[in-house]
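Colleague: Please choose a single part of this model for a close look, and describe how it fits with what surrounds it.

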Amino acid sequence: SGRPLPFQVYAAGQRITAVGTIFNVRIDGSRARVALVEGVVHVRPERPTATPNGQPSAPVRELVMRAGEVLEFGEGRTASVRQADVAQVASWRGGEIVFNDTRLADAVAEINRYTTRPIAIADAAVGNYRVTGVFRTNDPERFSRAMSEVFPIEVSQGADGSPTLRAR
């Protein structure tokens with residue numbers, strides 16, 4: 001038998017090819033983020049962009065990621081690779097999520113990806129508080145209580161048990 005085909009993911013117009021890896025691809029609208037925990041990942045446009053006369057507008061550029069790097073691209077942004085905390089990148093695998101000076105609104109959006117009881121934010125200003133810590137992905141109530149102990153926030157429960165955060 002021949003060599004196995006490489007594992008490939010298509011996201012936001014990019015082809016991500018895994019080479020002995022542990023990685024996470026997150027798609028948010030037309031933006032995507034690849035976080036690499038282990039191995040090597042090759043990322044290249046799914047198809048080259050073209051000028052009106054059908055000629056390629058630029059040579060196809062492949063990026064190579066190494067363990068501990070995060071790549072973000074999409075929405076007309078140039079792809080950028082940066083170093084990341086590998087423990088933070090891989091934390092979702094253990095049912096935990098790590099926030100490091102993250103806006104509360106962004107932290108809530110991330111927690112809500114893992115639950116059927118999403119957290120709501122009633123007051124927009126509450127979303128601007130900054131969160132740092134390690135939290136369980138499957139316990140929005142506990143996360144909400146923790147936020148009410150640190151910030152001037154109160155938590156109320158909806159009819160379905162979903163927490164709502166509002167300014168005190």
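**Helix 3 and its surroundings**

Modeller: Helix 2 passes helix 3 in a right-handed crossing (the near helix is turned clockwise from the far one by less than a right angle). This is a predicted model in which local features need pLDDT of at least 70 and side-chain atom pairs count only at pLDDT 80 or more, whereas totals for chains, interfaces and linings use all residues. Residues are numbered from 1 along each chain as its sequence is written, and side-chain values use heavy atoms, with hydrogens and water left out.

Helix 2 covers residues 104-112 and helix 3 residues 140-150, where helices (H or I, at least four residues) and strands (E, at least two) are DSSP runs numbered from the N terminus. The axes of helix 2 and helix 3 are 11 Å apart, and the two helices pack at an angle of about 165 degrees (axes are lines fitted to C-alpha atoms, for helices over the stretch in contact, with angles from 0 to 180 degrees between N-to-C directions). Helix 2 and helix 3 are therefore roughly antiparallel to each other, a term for angles over 145 degrees. On the helix 2 side Leu104, Ala107, Val108 and Ile111 meet Pro140, Phe143 and Met147 of helix 3, contact being heavy atoms within 4.5 Å.

Phe143 also takes part in ring pairing. The whole structure holds 4 aromatic pairs (ring centres within 6.5 Å; planes under 30 degrees apart are stacked, over 60 edge-to-face, the rest tilted). In one of them, the centres of Phe99 and Phe143 lie 6.2 Å apart with the planes at 65 degrees, so the pair is edge-to-face. Because Phe99 belongs to strand 7 (residues 96-103) and Phe143 to helix 3, this pair ties together parts that are 44 residues apart in sequence. Phe135 and Phe143 form another edge-to-face pair, at 4.9 Å centre to centre and 80 degrees between the planes. Ring pairs thus link Phe99, Phe135 and Phe143 into a cluster; Phe99 and Phe143 are buried, as is Phe135 (under 20% relative accessible area with a 1.4 Å probe, protein chains only).

Helix 3 also lies across strand 10 and strand 11, running at about 150 degrees to strand 10. An open sheet of 3 strands has the order 8-11-10 and mixed pairing (two strands pair if DSSP finds at least two bridges between them). Its edge strands, strand 8 (120-121) and strand 10 (153-157), each pair on one side only. Strand 8 runs parallel to strand 11 (residues 163-167), joined by 2 bridges, and Ala120 stands opposite Thr164 in strand 11.

How values were computed
Rings of Phe, Tyr and Trp (its six-membered ring) pair if their centres lie within 6.5 Å; planes under 30 degrees apart count as stacked, over 60 as edge-to-face and the rest as tilted. Buried means under 20% relative accessible area, exposed over 50%, partly exposed in between (1.4 Å probe, protein chains only). Angles under 35 degrees count as roughly parallel, over 145 as roughly antiparallel, 65 to 115 as roughly perpendicular and the rest as oblique.
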